[in-house]
Amino acid sequence: MPKFLFEASYTLEGVKGVQSAGGTSRRDAVAQVAESVGGSLESFYFAFGDRDAYVVVDLPDNESAAAVALTVNAAGGATVRTVVLLTPNEVDAAAKRSVDYRPPGA
C-alpha cells in the first residue's frame, strides 16, 4: 500500500483543540481518518518549527490521500501538505526505466 507523509500546521482553532483534548486524542482521530478510507496510521509525531505534526499513513491510492487532505484542509483546524513516499525498491525500479527526454536547449 502506498505511503504518504502529511505535514500539518495547526490553526489557532486547531491548537485550542489539541490543548483541550490532548495529543493522543488527535493521534486517534487521524488513525480513524486513515481507516475510513481503507488505510492505516503508521506514525504520528508532534514537532517544533514550521509544522506542528508529521503523520505517515498507508493509504490505498492517491485519490484517498487527496480526499484526506481536502477534508482536513476544509475543516479549518489545520492545513496539510501531502508528500508521496517511495520505498528504496520503487526508486530502484524507477532508475531502471527508460525515459525519452530532451533537456531544454538541446
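## The largest pocket

The largest pocket in this structure holds about 510 Å³ of space. Its lining is made up of 27 residues, and those closest to the centre of the pocket are Tyr10, Arg26, Val30, Val72 and Ala78. Please keep in mind as you read on that the model is predicted.

Which elements give two or more residues to the lining of the largest pocket? They are the strands β1 (3-10), β3 (53-58) and β4 (78-85), together with the helices α1 (12-21), α2 (23-36) and α3 (62-75). The biggest share comes from α2, which gives six residues to the lining. If you sort the lining of this pocket by class, you will find 19 nonpolar residues, six polar ones and two charged ones.

## Salt bridges around β1

Side chains of opposite charge can pair when their charged atoms come close. In this structure there are five salt bridges. One of the five pairs Glu42 with Lys3, and their closest N and O atoms are 2.3 Å apart. This pair links distant parts of the chain, since Glu42 sits in strand β2 (residues 40-46) and Lys3 in strand β1, 39 residues apart.

How accessible are the two partners, Glu42 and Lys3? Glu42 has a relative accessibility of 45%, so it counts as partly exposed. Lys3 has a relative accessible area of 27% and is partly exposed. A network of salt bridges also links Lys3 and Glu42 with Asp58.

## Glu7 and its two arginine partners

Glu7 is a good residue to look at next. The side chain of Glu7 meets that of Arg51 in a salt bridge, with 3.1 Å from N to O. Here too the pair links distant parts of the chain: Arg51 is in the loop between β2 and β3, Glu7 is in strand β1, and their positions lie 44 residues apart in the numbering. The side chain of Glu7 also meets that of Arg81 in a salt bridge, at 2.9 Å from N to O. That pair links distant parts of the chain as well, with Arg81 in strand β4 and Glu7 in strand β1, 74 residues apart.

Is Glu7 buried or exposed? Glu7 has a relative accessible area of 11%, so it is buried, as buried means under 20%. Its partners are classed in another way: Arg51 counts as partly exposed at 24% relative accessibility, and Arg81 is partly exposed with a relative accessible area of 43%.

## A nonpolar patch and helix α4

On the surface, Val84, Leu86 and Val91 form a nonpolar patch, and together they have about 280 Å² of accessible area. Leu86 has its place in the loop between β4 and α4. Why does Leu86 count as exposed? Its relative accessibility is 59%, and exposed means over 50%.

Helix α4 (residues 88-96) contains Asn89. With a relative accessible area of 60%, Asn89 is exposed. From the C-alpha atom of Asn89 to that of Val55 the separation is 22 Å, and the two residues are 34 residues apart along the chain.

## From strand β1 to helix α3

Val55 also serves as a reference point for Phe4, a residue of strand β1. The C-alpha atoms of Phe4 and Val55 are separated by 8.1 Å, although these residues are 51 residues apart along the chain. Phe4 is buried, with a relative accessible area of 1%.

Helix α3 holds Ser64 and Ala67. Which of the terms buried, partly exposed and exposed fits each one? Ser64 counts as buried at 11% relative accessibility, whereas Ala67 is partly exposed with a relative accessible area of 33%. Looking at distances, the C-alpha atoms of Ser64 and Ser36 are separated by 9.6 Å, with the two serines 28 residues apart along the chain. For Ala67 and Leu5, which are 62 residues apart along the chain, the C-alpha separation is 14 Å.

How values were computed:
Residues are numbered from 1 along each chain as its sequence is written. This is a predicted model: local features need pLDDT of at least 70, side-chain atom pairs count only at pLDDT 80 or more; totals for chains, interfaces and linings use all residues. Side-chain values use heavy atoms; hydrogens and water are left out. On a 1 Å grid over the protein atoms alone, a cavity is a set of points where a 1.4 Å probe fits but cannot get out, and a pocket is an open set with protein on both sides within 12 Å along at least five of seven lines; lining residues have an atom within 4 Å of a point. Grid points are joined across faces, edges and corners, and a volume is the space filled by probe spheres set on the points. Helices (H or I, at least four residues) and strands (E, at least two) are DSSP runs, numbered from the N terminus. Ala, Val, Leu, Ile, Met, Phe, Trp, Tyr, Cys and Pro count as nonpolar, Asp, Glu, Lys and Arg as charged, and the others, Gly among them, as polar. Buried means under 20% relative accessible area, exposed over 50%, partly exposed in between (1.4 Å probe, protein chains only). Patches are made of residues with over 30% relative accessible area and no salt bridge: like charges are joined within 9 Å, nonpolar side chains (Val, Leu, Ile, Met, Phe, Trp, Tyr) within 5 Å. Accessible areas come from the Shrake-Rupley method with a 1.4 Å probe; for residues, only the protein chains shown count as cover. A salt bridge is a side-chain nitrogen of Lys or Arg within 4 Å of a carboxyl oxygen of Asp or Glu.
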